[in-house]
Amino acid sequence: MVLMYYHLHYVSLMAKLDRADHTLCFSSGMAALSAVSHLVNPGKVKRLLPEKTYMAVQTDYCHKSFQREELWRVDTTNLDMVASTIGPETKLVWLESPTNPQQQISDIRKVAKIAHDNGALLMVDNSLMSSVLCQPLELGADFVMNATMKFVAGHSDVMAGVLSVRGETFEHCMI
């Protein structure tokens with residue numbers, strides 16, 4: 001009962017920090033990313049991923065989770081490149097801003113507009129900024145993911161992943 005209280009309290013606090021309607025907790029950031037891959041139109045779809053991102057994500061997430069899908073690596077700091085690569089078959093655009101370890105910054109608001117204009121959803125990995133410094137949902141993202149072992153809970157103190165969404169995104173994915 002005590003653990004359930006702390007879990008609900010944690011979810012509530014993360015939802016407030018992310019300014020989200022729904023927040024889900026996972027055992028790791030990779031588990032939260034995997035959940036997004038299953039929520040957003042699973043099957044043969046095109047997904048845009050950052051060109052330079054955390055190495056574990058490149059190997060595990062991309063090569064294992066998305067073997068059934070077409071993946072495009074894009075310099076997400078270059079808006080012209082994002083716009084020219086995205087198309088009607090693109091279902092998800094994924095940003096990591098800033099990227100780890102290169103610290104490249106993408107314009108979340110502008111990438112969100114490009115994604116939404118083409119019928120795609122935007123997921124932002126906010127692990128390096130944390131919800132204290134950046135609220136991607138306020139900038140137009142559909143999903144925001146935090147690997148809490150980075151800056152939400154200190155560094156390596158807690159291993160968990162948090163996925164936050166707005167109500168309309170959550171309801172759209174559940175249909």
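## Overall layout

Starting at the N terminus, the elements of the protein follow the order α-β-α-β-α-β-α-β-α-β-α-β-β-α. That gives seven helices and seven strands. Please keep in mind as you look around that this is a predicted model.

The protein has 175 residues, and 49% of them are buried. The sections below visit a helix, a buried acidic residue, a surface patch and a loop residue.

## Helix α5 and its two faces

Let's begin with helix α5, which covers residues 108–117. Its buried residues are I108, V111, A112, I114 and A115. Looking down the axis of α5, you will find these buried residues within an arc of 165 degrees, so they line one face of the helix.

Now turn to the face of α5 that points away from the buried side. Here you meet the exposed residues R109, K113 and D117.

## D142, a buried acidic residue

Next, move along to the loop between α6 and β6, where D142 sits; strand β6 itself spans 143–147. D142 is buried, yet it has no salt bridge. The nearest side chain of opposite charge belongs to R166, and it is 7.4 Å away. A salt bridge would need a side-chain nitrogen of Lys or Arg within 4 Å of a carboxyl oxygen of Asp or Glu.

What does the side chain of D142 make a polar contact with? One partner is the side chain of H116, at 2.7 Å. H116 falls within the residue range of α5, 108–117. A polar atom of the D142 side chain also lies 2.8 Å from the backbone nitrogen of L122.

## A nonpolar patch on the surface

For a change of scene, come out to the surface. L17, V132 and L133 form a nonpolar patch there, and together they have about 300 Å² of accessible area.

Two elements help you to find this patch. L133 belongs to helix α6, which runs over residues 130–133, while helix α1 covers residues 2–18. Is L133 buried or exposed? Its relative accessibility is 60%, so L133 counts as exposed.

## R19 and its backbone angle

The last stop is R19, in the loop between α1 and β1 (22–26). With a relative accessibility of 45%, R19 counts as partly exposed.

The backbone of R19 deserves a look too. Its phi is near 55 degrees, which is a positive value in a residue other than glycine. For background, most residues other than glycine have a negative phi.

Note on methods:
Residues are numbered from 1 along each chain as its sequence is written. This is a predicted model: local features need pLDDT of at least 70, side-chain atom pairs count only at pLDDT 80 or more; totals for chains, interfaces and linings use all residues. Side-chain values use heavy atoms; hydrogens and water are left out. Patches are made of residues with over 30% relative accessible area and no salt bridge: like charges are joined within 9 Å, nonpolar side chains (Val, Leu, Ile, Met, Phe, Trp, Tyr) within 5 Å. Accessible areas come from the Shrake-Rupley method with a 1.4 Å probe; for residues, only the protein chains shown count as cover. Helices (H or I, at least four residues) and strands (E, at least two) are DSSP runs, numbered from the N terminus. Buried means under 20% relative accessible area, exposed over 50%, partly exposed in between (1.4 Å probe, protein chains only). Lys and Arg count as positive and Asp and Glu as negative; His and the chain ends are not counted. A polar contact is a pair of N or O atoms within 3.5 Å; within protein, one must be able to donate a hydrogen and the other to accept it, and residues adjacent in sequence count only if both atoms are side-chain atoms. The arc is that of the directions from the helix axis to the C-beta atoms.
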